[in-house]
Amino acid sequence: MDNNQKPESNKSLPPHEESKDLGANAKGIWQNIKALIRELLEIRHDTDRESTIEAVKKDISFKGHNAWILIFSIFVASIGLNVSSTAVVIGAMLISPLMGPIVGVGMSVAINDVLTLRKSFINLGLMVGLSVLTAYIYFLVSPVKEETPELIARTYPTILDVLVAIFGGLALIVAKTKKGTIASVILGVAIATALMPPLCTVGYGLAIGNWSYAGGALYLFSINAVFIALSTFVVTKVLGFPLVKYVNSKRRRRTAQIASTIAVIVMIPSVILFVFLLQEQLFESKAKDFIANVMRYDGTETIKSSYDYKEKSIEVYLIGKRVPKTIITTWQKQLEDIEALKETELVIHQGEDPSGAIDELSMQVRSGILEDLYMKNQELIENKDEKIALLEYEISKYRNSNFSFSDLSQEAKINYDGIEELGYSNLITTNFAKTDTIPTFTVGWKDDLKTSQISEQKQRFERWLKVRLKLDTLQVKSVN
């Protein structure tokens, strides 16, 4: 063997060495992925804490220009809700200054700033009060008070409203903490969280005396405000905003305790509400799925259904072939097997229900059909009042023409001795825009009457005919 011969380069490594290399490579890939994610999501290095605190405090103040901007934006939002215009409502939300005090509450709790917290609460209360008062005055004087879809949508919160408030609040405070605030994000959050329309709906509910609407809308506003403040609190803590320092350490501890207590008071009801709304949403979702996929019977259709989470009941109206009680019992058992629908009562209304509930349903169905027909034909009958008035006028003319010509001619002969001959007919005329029927009398006068006498008696005769026949329009023509 040649001593100068080099070892083979493709000689395989021992198994334990290969395992070490694979482990090292996997570890390196994982470290690279973590570094990429950290670089992608890291926001601490680009956070301007001092400028953020200063900007938030500046936006809390509510006076002068902000007050007038709020009043005008409330009027705009109220008009948009009144006419159910989504575009107008969005425009009002863009110019509303409601966000400032809410973000101030969340941040001041996070940094133990009691003075800023007190100022935020005072300004938030003023803003809410002024908003509701403005909306109340508008809807009180507005001649249009119908319940529009835009108003109804703001009368009670859903789980979607809570989720929008949470993630919208997170986006808002993250945008505010960035060096060079992202204005487009703040405007987007103002639209998404929709703080202003619920306050306008509160004013609407008070104006029409509907306390349910007012309470539900105020509830929706409170949910949005609480979760925006809560999101601000969490992000401020995560980003490590400096706590407010007090000379007196005892006061600092007391302030921290107050701030923590407020945070807990806000968080606990919010979490409870979130869980409740989540359960309610899950209940309705499972109920819809149960009715669509489980409640099936040949020859039977579901025409209406309703769900009540508080009462734990599902009410279904069926039409067509009657479902046997055994099938309904099977449906009830299947309902109890679904975790979200346990202890829920299934109420079925059918065509032969002796309780009479189907009669009420039939009335509702007929009412709905009639309403649809009316809406589809609205353009065809929009001038119905004018048409009816015209027909009534025509009928009245024909009624008045139903008189005794013989009796009338005898009366005319007695009252007007100059009449030699009298005729009557209905003259049909048109100007090619409309056609009219005019009662027409033709009079032949005695030959010894002068022209002036004929003219005078003709005028008197025409006035007498109008009174005698109760007609506003007729003609008297002379034949000589």
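I began by fixing a term: two strands count as paired if DSSP finds at least two bridges between them. I also kept in mind that this is a predicted model.

**Entry on the sheet.** I looked up how the strands are arranged and found that 3 strands form an open sheet in the order β1-β2-β3, with mixed pairing. I noted that β1 (300-308) and β3 (345-349) stand at the edges, and because each has a single partner strand, one side of each is left without a neighbour in the sheet. Neighbouring strands of this sheet are turned by 20 degrees against each other on average, direction ignored. I then followed β1 and β2 (residues 313-320), which pair in the antiparallel sense over 8 bridges, and I saw that Asp308 has Ser313 in β2 as its bridge partner. Helix α13 (residues 325-336) packs on the sheet, where it touches β2 and β3, and its direction makes about 150 degrees with that of β3.

**Entry on the aromatic rings.** I found a count of 11 aromatic pairs. For Tyr138 and Phe139 I noted ring centres 5.1 Å apart and planes at 80 degrees, and since planes over 60 degrees apart count as edge-to-face, this pair is edge-to-face. Both of these residues, Tyr138 and Phe139, are buried. I looked next at Tyr424 and Phe441, whose ring centres lie 4.9 Å apart with planes at 45 degrees, so the pair is tilted. This pair links distant parts of the chain, as Tyr424 lies in strand β4 (residues 419-430) and Phe441 in strand β5 (residues 435-445), 17 residues apart. Tyr424 is partly exposed at 26% relative accessibility, whereas Phe441 is buried with a relative accessible area of 0%. Finally, I noted a cluster in which ring pairs link Phe75, Tyr138, Phe139, Tyr204 and Tyr213.

Note on methods: Residues numbered from 1 in each chain as written. Predicted model: local features only at pLDDT ≥ 70, side-chain atom pairs only at ≥ 80, totals over all residues. Heavy atoms only, no water. Helix = DSSP H or I, 4+ residues; strand = E, 2+ residues; numbered from the N terminus. Axes fitted to C-alpha atoms, helices over the stretch in contact; angles between N-to-C directions. Contact = heavy atoms within 4.5 Å. Phe/Tyr/Trp six-rings, centres within 6.5 Å; stacked < 30°, edge-to-face > 60°. Buried < 20%, exposed > 50% of the residue type's maximum accessible area, 1.4 Å probe, protein only.
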